[in-house]
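Please examine the structure shown below together with its sequence. The explanation that follows takes up side-chain charge pairs, then a sheet, and then the helices that lie across the sheet.

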Amino acid sequence: MAAQNLNRAFYSALDTMLLVEQGVTPSGGEDSFTRALGTDSAMLGVFDGCGGLGARTYADLGGHTGAYLAARAASGAACDWYRALPEAALSDPDVLCRTLRERLDAALAVVKAQGRQTLRVRGTMVRDFPTTAAIVLARREGNGITADLIWAGDSRVYLIDEKGLQQLTEDDLDGEDALSNLTHDGALTNVIAADGAYTLHHKRIILTHPGVIFAATDGVFGYIRTPMEFEWLLLRVLRDAATPALFAARLKAILAEVAGDDFTLALMSFYFGDFDTLRRTFAPRVQTLERDYVRPLHAGRTDALQSALWANYRRSYERYLTDKGDGEDG
């Protein structure tokens, strides 16, 4: 891509792209990711192969599980989809979801054919090549950044801005919110799979002010005790990191200590200008979180206290979840 062809308005708004990831097995685990840049847009995605639903191994595919293969097939399909998107399609959510689904279905069909095995047991507890997905496609439009979010399962897209951490995508889980799912571990109700019985959800947001958009598999947020402490962890590490590389390394080290799963986080930040400004912008928020949530919880954690603090915090945290967006159904 020639530098002179880059859209200066978009790339002057995009400050940082960063990845933090780790698998729990020598083969890399069952997470995967993709990141790509275009002339006037950027895309990132994270994918979490569903180890329980897709635990069967395939001798003809290196002995890997269906979950491992699904996440990698889906991440590759998403990258190919983004690279092939015509500019005119970027503004049409129906086209985005339809063409992505076509790529996903084709990639999973190839993997299924190469696996040379067909599951004899059918039902919600067994799926051919299942994976979650959380994808962000960002581009400059008018006076802001338009971000299209496409997802399935419980991998999430978040925004952090002056209002704090906000969950943008709604989990495909049965009756759990962001706090209760940390202990109840709700059952997935929708995942991408080779049988085609899934829905791709879509939501569009417009960002006109400084903010960080990131996608994360559940290994990133699922082992932190509350969403409030998750935000505090992210911003505390950010505040204390002099460079993006140091932020990524420190966050990876902390997550590796607490996570009992693969974890993958991919982010983009906009309108801060540089990493130092990004760090300084959120320093006061770290102090607020410590004062209002972290210290009270650490001083005497009870169910009643945690519920009261969550009730206050979730008003901002869930403000985007009242609009579920549209979907492209299977």
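Does arginine 319 count as buried, partly exposed or exposed, and at what relative accessibility? In this predicted model, arginine 319 counts as partly exposed because its relative accessibility is 33%, and the partly exposed class lies between the limits of 20% and 50%. Its salt-bridge partner is aspartate 161, with the closest N and O atoms 3.8 Å apart. The two residues belong to distant parts of the chain, being 158 residues apart: aspartate 161 is in strand β8 (residues 156–161), while arginine 319 is in the loop between α9 (303–317) and β13 (326–328). Aspartate 161 has a relative accessibility of 0% and therefore counts as buried.

A second pair also links distant parts of the chain. Arginine 285 and glutamate 231 form a salt bridge through their side chains, at 2.7 Å from N to O. Arginine 285 lies in helix α8 (residues 275–299) and glutamate 231 in helix α6 (residues 227–239), 54 residues apart. Both partners fall under the 20% limit for buried residues: arginine 285 counts as buried at 19% relative accessibility, and glutamate 231 is buried with a relative accessible area of 0%.

Helix α8 also holds a pair of its own. There, aspartate 276 and arginine 279 are three residues apart, about one turn of the helix, and their side chains meet in a salt bridge of 2.7 Å, N to O. Aspartate 276 counts as partly exposed at 36% relative accessibility, whereas arginine 279 counts as buried at 18%. Elsewhere, Arg139, Glu141, Asp148 and Arg204 are joined into one network by salt bridges that share partners. With a cut-off of 4 Å between side-chain nitrogen and carboxyl oxygen, the count comes to 19 salt bridges.

Strand β8, which holds aspartate 161, leads to the sheet. Five strands form an open sheet with antiparallel pairing, in the order β1-β12-β11-β8-β9. At its edges are β1 (14–22) and β9 (164–167), each of which pairs on one side only. On average, neighbouring strands of this sheet are turned by 20 degrees against each other, direction ignored. The pairing of β8 with β9 is antiparallel and extends over four bridges; the bridge partner of isoleucine 160 is leucine 165 in β9.

How do the helices lie with respect to these strands? Helix α6, which contains glutamate 231, lies across β8, β9, β11 (211–216) and β12 (263–270), and runs at about 125 degrees to β9. Helix α7 (residues 244–258) lies across β1 and β12, running at about 30 degrees to β1. Strand β12 thus appears in the description of both helices.

The two helices also pack against each other. The angle between α6 and α7 is about 140 degrees, and their axes are 9 Å apart. This makes α6 oblique to α7, because an angle has to be over 145 degrees to count as roughly antiparallel. The crossing in which α6 passes α7 is right-handed. On the side of α6, the contact is made by Leu233, Leu234, Val237 and Leu238, and on the side of α7 by Phe247, Arg250, Leu251, Ile254 and Leu255.

Key: Residues numbered from 1 in each chain as written. Predicted model: local features only at pLDDT ≥ 70, side-chain atom pairs only at ≥ 80, totals over all residues. Heavy atoms only, no water. Buried < 20%, exposed > 50% of the residue type's maximum accessible area, 1.4 Å probe, protein only. Pairing = 2+ DSSP bridges. Axes fitted to C-alpha atoms, helices over the stretch in contact; angles between N-to-C directions. Contact = heavy atoms within 4.5 Å. Parallel < 35°, antiparallel > 145°, perpendicular 65-115°, else oblique. Left-handed = near helix turned anticlockwise from the far one by under 90°.
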